[in-house]
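Me: Could you walk me through a structure I have open here? I'd like to ask about burial, links and pockets as we go.

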Amino acid sequence: MRRSALAAIAAIGTASLFLTGCSKADDNKNDNGTKSAGADAATKGVVNASDKKGGTLTYELSDVPDSFDPGNTYYAYMYNLSRLWARPLMTFQPDAGQKGNTLVPDLAAGKGVPSDGGKVWTYKLRTGMTYEDGTPITSKDVKYAVERSNFARDVLSLGPNYFQQFMVGGDKYKGPYKDKSAKGLSSIETPDDTTIVFHLKQAFQEFDYLVASPQTAPVPQAKDTGVDYVKKIVSSGSYKFESYEDGKQAVLVRNDKWDAKTDPLRKQLPDKIVVKLKVNPETIDKDVLAGTAIDLAGTGVQAATQAQVLTDASKKANTDNTYGGRLVYMAINTTVAPFDKVECRKAVQYAIDKVSVQTAEGGPIRGDVATTVLPPDIPGYEKSDAYASAGNKGDVAKAKEQLKACGKDAITTNISARSDRQQEIDAATAIINSLKKVGITATLKQYPSGKYFTDYAGVPKFTKKENIGLEMMQWGADWPSGYGFLQQILNGSAIGQSGNTNLSQYDNKDVNALLAKAIGTQDMAERNSLYTQIDKKTMDDAVLVPLTYFKVLLARPTTYTNLVSTAAFSGQYDYLNIGVASK
């Protein structure tokens, strides 16, 4: 999931004093005298395996996250990081590569038990778990967490709304802030303190993936303060907040009420974890190379750093370059004229020189040219190219032909991008230059990452008012399946008034029906074939322009241990059990 920005998706580092399982690159020396673990080492196994305790772990981010509140976030790196203080019902195994796609119980004692053909799912919680204040964690706290994060969209709008879409009565329930009764949503039952039962409108064969979202991490109702809960989050995980300064930093320390006997996944290694916000991207790169910080967002090194890393053998050996179920694309807003007409959208599809976009992003090392909605590493992908052009450099003649069919000689519009993501801005600039050749004039509008979905690109009223017909986007699967990738960016029921990730505002009844059919289909091969159909239908409707199948280039710090790249988190490293080399 998720905005990789999901989501998408994120990063960390590697290499230190505890080298194990090294590759041929071990002969290379780092600037600090340690040996490198080898390029792509963290995509294949644990780098610098260690159980050393102590020290301070530092993350840096170029902007602010959407939120530290586990029920109000949709950035992949926050899904990952939040596992330190928020335990969902299920989660992903902290392991490298494809092993990181393995679902394992977290708050729950085991996987969900389906009944009624997959329309009812029952979970039993582990016993003996408490919050940071020592009070017991109950199934009622999980129910409340789901209700606040999915049904009070006027208060908490940033996460996905799967539960709202699929729970019986979810379309009518207004959430716990407006609900004056103590009952809550009747389709989520808690017959006792360790049992929770979900009743769905239809079969949902991948429901275990859905409850791996931090939206199922428990929240005690008495401690909830709505949007201000971010200022005093009650931890159910191995770390708790010592302090939080909005827009500046967050500091976490060990949760002394966390019990390893109730949690086989976490190790609680560092004494303290510091998350620094609004750090200049170039500064982040310097700190990563110096071994003093980890890049939290993990969108990869900046252009200047990329050149530096790739031309220095020792630095190159301390990198990971991996796919992770992500797509860089441009959404075409179907509600902003003239892009409400398919011919105008097709004109955009044909006009774009995708090689120039790929170059702007940093070249092939940053990803292959994309021609489908589903990336190659997501089930349902099938190679195709509905808008083929010679060398992927665009077809001006066909673009003008479609523009004429749309009844236009020229179009004037705006294109949005995130202001702290230089590669996204550079890609948008390349697109602007391509469009200009066919008579489409697009002006770049930049907005901060932390508010991109709440205030700007994800707000339908704003985009229509500001004539934002084109929106830059990067997306990673919420979970490793076609549904986990497609649902929140293509289903009409996912469109929200704020925090919206269906930036095209695409609401096609056939696509909606195919998504519903797919998630209820037990046979996996048949399910995947439906995802392929959805991909092709979406491309026929020209609602988004695939640009590149994102591949991130991560430089690794040299003073952190237990770093692994987890496929489930779309190419980012696993944040759950990172340690430091020394105090």
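Reply: A term to fix beforehand: buried means under 20% relative accessible area, exposed over 50%, and partly exposed in between (1.4 Å probe, protein chains only). This is a predicted model, in which local features need pLDDT of at least 70 and side-chain atom pairs count only at pLDDT 80 or more, while totals for chains, interfaces and linings use all residues. Residues are numbered from 1 along each chain as its sequence is written, and side-chain values use heavy atoms, with hydrogens and water left out.

Me: OK, is Asp 228 buried or partly exposed?

Reply: Asp 228 is partly exposed, with a relative accessible area of 37%, whereas Lys 231 counts as exposed at 56%. Their side chains meet in a salt bridge at 3.5 Å, N to O, the term meaning a side-chain nitrogen of Lys or Arg within 4 Å of a carboxyl oxygen of Asp or Glu.

Me: Any networks, and how many salt bridges in the whole structure?

Reply: Arg 87, Asp 106, Asp 263 and Arg 266 are joined into one network by salt bridges that share partners, and the search of the whole structure finds 24 salt bridges.

Me: Switching topic, which residues does the disulfide join?

Reply: The disulfide, a pair of cysteine sulfur atoms within 2.5 Å, joins Cys 344 to Cys 406, with an S to S distance of 1.9 Å. The link is left-handed, with -95° about the S-S bond.

Me: And how accessible are Cys 344 and Cys 406?

Reply: Cys 344 is buried at 0% relative accessibility, and Cys 406 is buried too, with a relative accessible area of 3%.
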